[in-house]
Amino acid sequence: FRTMAGKVKWVTDIEKSVLINNFEKRGWIQVAENEDWNFYWMSVQTIRNVFSVETGYRLSDDQIVNHFPNHYELTRKDLMVKNIKRYRKELEKEGSPLAEKDENGKYIYLDFVPVTFMLPADYNLFVEEFRKNPSSTWIMKPCGKAQGKGIFLINKLSQIKKWSRDSKTSSFVSQSSKEAYVISLYINNPLLIGGKKFDLRLYVLVSTYRPLRCYMYKLGFCRFCTVKYTPSTSELDNMFVHLTNVAIQKHGDDYNHIHGGKWTVSNLRLYLESTRGKEVTNKLFDEIHWIIVQSLKAVAPVMNNDKHCFECYGYDIIIDDKLKPWLIEVNASPSLTSSTANDRILKYNLINDTLNIAVPNGEIPDCKWNKSPPKEVLGNYEVLYDEEMAQSDGPERDLRGRSGQSTGAKGSRARDLGKPVLTTWK
């Protein structure tokens, strides 16, 4: 075992089992093992301790960890929206064509996050927006929770029961000063399959933010609700209709433990190609990939790009009935547990392929390595964006990618014989 202080210690099998138990208690999750090495995922809390000023460690060149120190800039719901808004304004100041708006003042290309406000800070702004369309539905989420916890839908201001108005200042304050919420315009026209709402869980690996280099995992999946969707206001409290989280759906009476209410992304693509056409389907997935790249670009300037770090994010995307994709949130610790046999195979491969990129050939890690692995070790990953490579291309690449006319790394068309090839945009 290699200790956090960098020392190597040879241990007996008994000592090894004791060490593993201690590691798990401290927030390490064992994900792989071979004859020479044991690989561990760190929990986000453990990462905070590792990089803490008071209790932190000094990592050596042969130690790498699976989170960036301030990963929350992308994975906290409020910070993700804040950084994307800042990114839009910066592009606007630069006069970038990506920040172009229509006659109603809406972004043409950067409109991929639902209208969102932070509560309680933006309460007055939210009320102003709500009154423009009083029949709209909104979804409230606690910023720091996952698995659908604490989420509820509203269509009236009086329904925000977890908040209270300060009678003296008429300002909106939280009953718990520790917990912040985001409130977003609910996508009430989701694409339905079999009458049910679903979202996409896609995996994206970032090996470095500066320069940005990221990989898209081909084996994502769709998560379906167990109850047919209805926009009826009488069903606002029925989370089996609205929330796709497996942690919620598995408690439903109609949950299927064999397939877990999941489809592979390849099955979704086949379904869309047969019902909407191949060209429209390819454009949809191009837009999804573009959204992911733009979200990573939005946080890259503020991310602490520690050379010891890599990260596998879980992206949640919802597609509406006009085949427009929306970024809902990004997860720092996407679930690696399996609820079905297919789940187990997918996540085993995900962990294996992630480690092969982070630690090629199972060798001792070297954080000074340039982190650009050969194609043969990528497994089910494909290069989504390589900033160094993209900078050598023309400045109009981003717009070409956004319109579904992306080009590959060498300037060739991104699709070959009808098969989508992930692109590199500037």
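In the predicted model, helix α4 meets helix α9 through N83, I84, R86 and Y87 on the α4 side and Q294, K297, A298 and V299 on the α9 side. By residue type, this contact divides into four nonpolar, two polar and two charged residues. The axes of α4 and α9 are 8 Å apart, and the two helices pack at an angle of about 90 degrees. Angles of 65 to 115 degrees count as roughly perpendicular, and α4 and α9 are therefore described as roughly perpendicular to each other.

One residue of this contact, Q294, has its place in helix α9. The relative accessible area of Q294 is 0%, so this residue is buried. The side chain of Q294 is joined to the side chain of Y87 by a polar contact of 2.6 Å. Y87 is among the α4 residues that meet α9.

Helix α9, which spans residues 278–299, also packs against helix α8, formed by residues 265–275. Here the angle is about 140 degrees, and the axes are 8 Å apart. Because this angle falls outside the ranges for roughly parallel, roughly antiparallel and roughly perpendicular, α8 and α9 are oblique to each other. From α8, the residues V265, L268, R269, L272 and E273 take part, and they meet K278, T281, N282, L284 and F285 in α9. The residues of this contact comprise five nonpolar, two polar and three charged.

Beyond the helix pairs, Y107 is found in the loop between α4, residues 77–93, and β3, residues 116–119. The relative accessibility of Y107 is 15%; the limit for buried is under 20%, so Y107 counts as buried. Leaving aside residues up to four places away in sequence, Y107 touches R88, K89, E92, A99, E100 and K101. With one of these residues, E92, the side chain of Y107 makes a polar contact through the side chain of E92, at 2.6 Å. R88 and Y107 are 19 residues apart along the chain, and their C-alpha atoms are separated by 8.8 Å.

A further buried position is E329, in strand β15, which covers residues 325–331. E329 counts as buried because its relative accessibility is 12%. Apart from residues up to four places away in sequence, E329 touches K77, M80, K141, G314, Y315 and D316.

Over the chain as a whole, there are twelve helices and 18 strands. The chain has 426 residues, of which 49% count as buried. Among contacts between residues at least 6 apart in sequence, 65% join residues at least 24 apart.

Confidence in the prediction was also examined. The mean pLDDT of the chain is 79, and 74% of its residues reach 70 or more. Over residues 166–170 the pLDDT is below 50, and this stretch has three contacts in the model beyond near neighbours in sequence. Residues 403–426 also have a pLDDT below 50; for this stretch, the contacts beyond near neighbours in sequence number 74. Where pLDDT is low, the predicted coordinates should not be read in detail.

Terms used: Residues are numbered from 1 along each chain as its sequence is written. This is a predicted model: local features need pLDDT of at least 70, side-chain atom pairs count only at pLDDT 80 or more; totals for chains, interfaces and linings use all residues. Side-chain values use heavy atoms; hydrogens and water are left out. pLDDT is the predictor's confidence in each residue, from 0 to 100. Contact means heavy atoms within 4.5 Å. Helices (H or I, at least four residues) and strands (E, at least two) are DSSP runs, numbered from the N terminus. Buried means under 20% relative accessible area, exposed over 50%, partly exposed in between (1.4 Å probe, protein chains only). A polar contact is a pair of N or O atoms within 3.5 Å; within protein, one must be able to donate a hydrogen and the other to accept it, and residues adjacent in sequence count only if both atoms are side-chain atoms. Axes are lines fitted to C-alpha atoms, for helices over the stretch in contact, and angles run from 0 to 180 degrees between N-to-C directions. Angles under 35 degrees count as roughly parallel, over 145 as roughly antiparallel, 65 to 115 as roughly perpendicular and the rest as oblique. Ala, Val, Leu, Ile, Met, Phe, Trp, Tyr, Cys and Pro count as nonpolar, Asp, Glu, Lys and Arg as charged, and the others, Gly among them, as polar.
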